[in-house]
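Biologist: I would love a close look at one part of this model, explained for a beginner. Could you take me through a single strand and its surroundings?

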Amino acid sequence: MFRTPPLLGSSAPCLSLRSVKEAFMKRLAAPALLVVLIMTGGSVSARAETKEVQMTAKKYEFSPSSVEVPVGATVVFKITALDRDHGFEIEGVKDSCVELKKGEIATVEYKAEKAGTYSFKCCKRCGLHHGQMRGTIVVK
Ligand SMILES: [Cu+2]
């Protein structure tokens, strides 16, 4: 009876030491897993290819007015209207008119599925030469 308590006492730190080790290993494993996930994520998006295009809109032009992208790419337009509100619409894409608020960055995603030349235009009347405010996406 006298010896039992010290025995229990000595095994207790042993257990806690093990659990500390386990916690340490878990902590090590977590970042390693994260790194692997980030690496695969990176290569997946590289294959799917996302192309970001910074664009500005003002009376009466988009800049750049012509954008070339590879087939299959997802184009992410980041468009800023400089002088007033404008619009951005890809012709042939139903309901694709996006309002461009002056000074704000509007994001428009476009999946370039088929080779060809596609037109985009301003879809918010902005003045006399509004009809000339257009550009092209060349998918090849
Ligand atoms: Cu316009």
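Which residue in E7 stands opposite Lys 78?

Modeller: Lys 78 stands opposite Thr 107 in E7. Before we go on, please keep in mind that this is a predicted model, where local features need pLDDT of at least 70, side-chain atom pairs count only at pLDDT 80 or more, and totals for chains, interfaces and linings use all residues. Residues are numbered from 1 along each chain as its sequence is written.

Let us start with the whole chain. It holds one helix and nine strands (DSSP runs numbered from the N terminus, helices being H or I of at least four residues and strands E of at least two). Along the sequence the helix comes ahead of the strands, in the pattern α-β-β-β-β-β-β-β-β-β.

Now to our strand, E4, which covers residues 74-81. Seven bridges join E4 to E7, and these two strands run antiparallel (strands pair if DSSP finds at least two bridges between them). Both belong to an open sheet of four strands with mixed pairing, in the order E2-E1-E4-E7. Strand E2 (61-63) and strand E7 (105-111) are at the edges with a single partner strand each, so one side of each has no neighbour in the sheet. On average, neighbouring strands of this sheet are turned by 30° against each other, direction ignored (axes are lines fitted to C-alpha atoms, with angles from 0 to 180 degrees between N-to-C directions).

E4 also matters for the largest nonpolar core, which has 19 residues. Such a core is a set of buried Ala, Val, Leu, Ile, Met, Phe, Trp, Tyr and Cys residues joined through C-beta atoms within 7 Å; a residue is buried if 20 or more other C-beta atoms, placed from the backbone, lie within 10 Å of its own. Phe 77 and Ile 79 are among the members that touch the most others, as are Met 55 and Tyr 110. Strand E1 (50-58), E4, E5 and strand E9 (134-139) each supply at least two residues of this core, and E4 gives the most, with four.

Phe 77 deserves a closer look. Leaving aside neighbours within four places in sequence, Phe 77 is in contact with Val 53, Met 55, Thr 107, Val 108 and Tyr 110 (contact means C-beta atoms, placed from the backbone, within 7 Å). Here we meet Thr 107 again, the residue that stands opposite Lys 78.

Finally, E5 (residues 86-90) has four of its five residues buried. Three bridges join E5 to E6 in an antiparallel pair, where Phe 88 stands opposite Val 98.

Technical notes: A residue is buried if 20 or more other C-beta atoms lie within 10 Å of its own, exposed if 12 or fewer, and partly exposed in between; C-beta atoms are placed from the backbone. Two residues are in contact if their C-beta atoms, placed from the backbone, lie within 7 Å.
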